[in-house]
Every structure is written in C-alpha cells, then in structure tokens.
Amino acid sequence: MRDLNAELSRMSDLGQLTGQAVESVLVDCGWAGERRNPAKEWATTWSRDGAAAWIQGDGPSVEVEFTLWYREVDEERLDLDAYMDELYDAAVAELPPVVERLLSGALGPRLEASDDEDLTGGADFIEHSAWRVADKVVLAGVKQDDTDTPVQLVVVLREYEGEWL
C-alpha cells in the first residue's frame with residue numbers, strides 16, 4: 001500500500017493548503033493528474049501506484065484525500081448485512097499498517113495525537129486515527145459515505161479548524 005509520508009510531510013509544511021500548492025507537491029512526488037475541473041486552476045483527481053488522490057474544495061483552502069484501499073459494494077448479495085460486515089472488517093484490518101507507516105515515517109515525530117478532541121471535521125468514519133501537525137489535521141480512516149458507495153481506506157489532510165490547546 002502506498003506510503004504517503006513524503007507527500008503529507010511536504011503538504012503539512014505549506015502555509016495554506018491551496019489547490020495549486022497541493023497540485024505542485026503531487027506533481028513533484030510523481031503523481032499523475034487525471035482530471036481537471038474547468039472551474040478550477042488545478043487538477044482535482046490524481047493517481048500513483050494504485051492509489052488515488054482527490055483535491056476537494058474551492059479554496060482558498062482545500063482538503064486532499066488519498067484513497068489507498070476500496071471495494072465496491074455488491075448489493076445483490078443474499079446476506080447483505082454479513083457481506084457489509086466482512087467488507088468493514090477487511091478495511092479495518094488494513095488500517096493499522098497505514099497508521100504504523102505514518103507514525104514511523106518522516107512525518108511521525110511531528111504528529112500530535114489528541115484524545116480529547118474530535119478531528120474528523122464532522123465526517124463519519126467506521127474507524128480512524130487522527131493527529132494534528134503544524135496547522136493541519138492528518139486522518140487515516142475507514143469510511144463509506146453512503147450505502148451504495150465503496151468502502152474505502154483513506155488518508156486525509158486538511159486545515160485544522162479548532163482552537164489550539
């Protein structure tokens with residue numbers, strides 16, 4: 001599974017996560033821009049080594065979400081509940097190695113855990129780990145945005161919106 005330490009470390013050092021700045025880091029790290037929204041000055045979807053990245057938001061600040069693992073939902077399964085539990089379990093099993101890579105990589109010493117604060121930005125995750133770094137949030141988690149969307153393991157980087165302790 002793709003190691004994102006170089007990308008996240010460089011992006012966390014940016015003064016502000018703008019679309020152009022994130023695009024520049026992705027290009028420098030060898031990501032290929034796949035789709036450019038005509039309304040934006042930067043490519044919004046990216047790929048590298050089986051992983052995908054999506055720059056979300058209109059600015060000035062954006063969020064970048066890396067998808068490292070995903071499975072489409074097959075709603076034709078006879079026992080859909082058991083099938084969904086299996087998908088969730090499979091995704092959650094992939095999360096600890098991603099967290100370990102983040103903690104042991106170049107970014108690791110800078111990650112600040114916060115047990116008394118919700119760093120999800122209001123997003124609903126099946127399971128996640130989150131940290132503050134500089135004035136940003138790094139979150140690794142398993143999610144399913146809606147019942148007919150894929151189950152995904154993502155790493156998100158966004159601006160920190162709370163108050164610093």
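Q: Before helix H2, what does buried mean here?
A: Buried means under 20% relative accessible area, exposed over 50%, and partly exposed in between, with a 1.4 Å probe and protein chains only. This is a predicted model in which local features need pLDDT of at least 70, side-chain atom pairs count only at pLDDT 80 or more, and totals for chains, interfaces and linings use all residues. Residues are numbered from 1 along each chain as its sequence is written, and side-chain values use heavy atoms, with hydrogens and water left out.

Q: Which residues of H2 are buried?
A: In H2 (residues 19-28), they are Gly-19, Ala-21, Val-22, Glu-23, Val-25 and Leu-26. Helices (H or I, at least four residues) and strands (E, at least two) are DSSP runs, numbered from the N terminus.

Q: And what follows H2?
A: Gly-30 follows, with a positive phi near 90°.

Q: Changing topic, how many salt bridges does a search of the whole structure find?
A: The search finds 12, a salt bridge being a side-chain nitrogen of Lys or Arg within 4 Å of a carboxyl oxygen of Asp or Glu.

Q: Which residue meets Asp-28 in a salt bridge?
A: Arg-10 does, at 3.0 Å from N to O. The pair links distant parts of the chain, with Arg-10 in helix H1 and Asp-28 in helix H2, 18 residues apart.

Q: Is Asp-28 buried or exposed, and why?
A: Asp-28 counts as exposed because its relative accessibility is 51%. Arg-10 counts as partly exposed, at 37%.

Q: What about Lys-40 and Asp-58?
A: Their side chains form a salt bridge at 2.5 Å, N to O. Lys-40 counts as buried at 15% relative accessibility, whereas Asp-58 is exposed at 68%.
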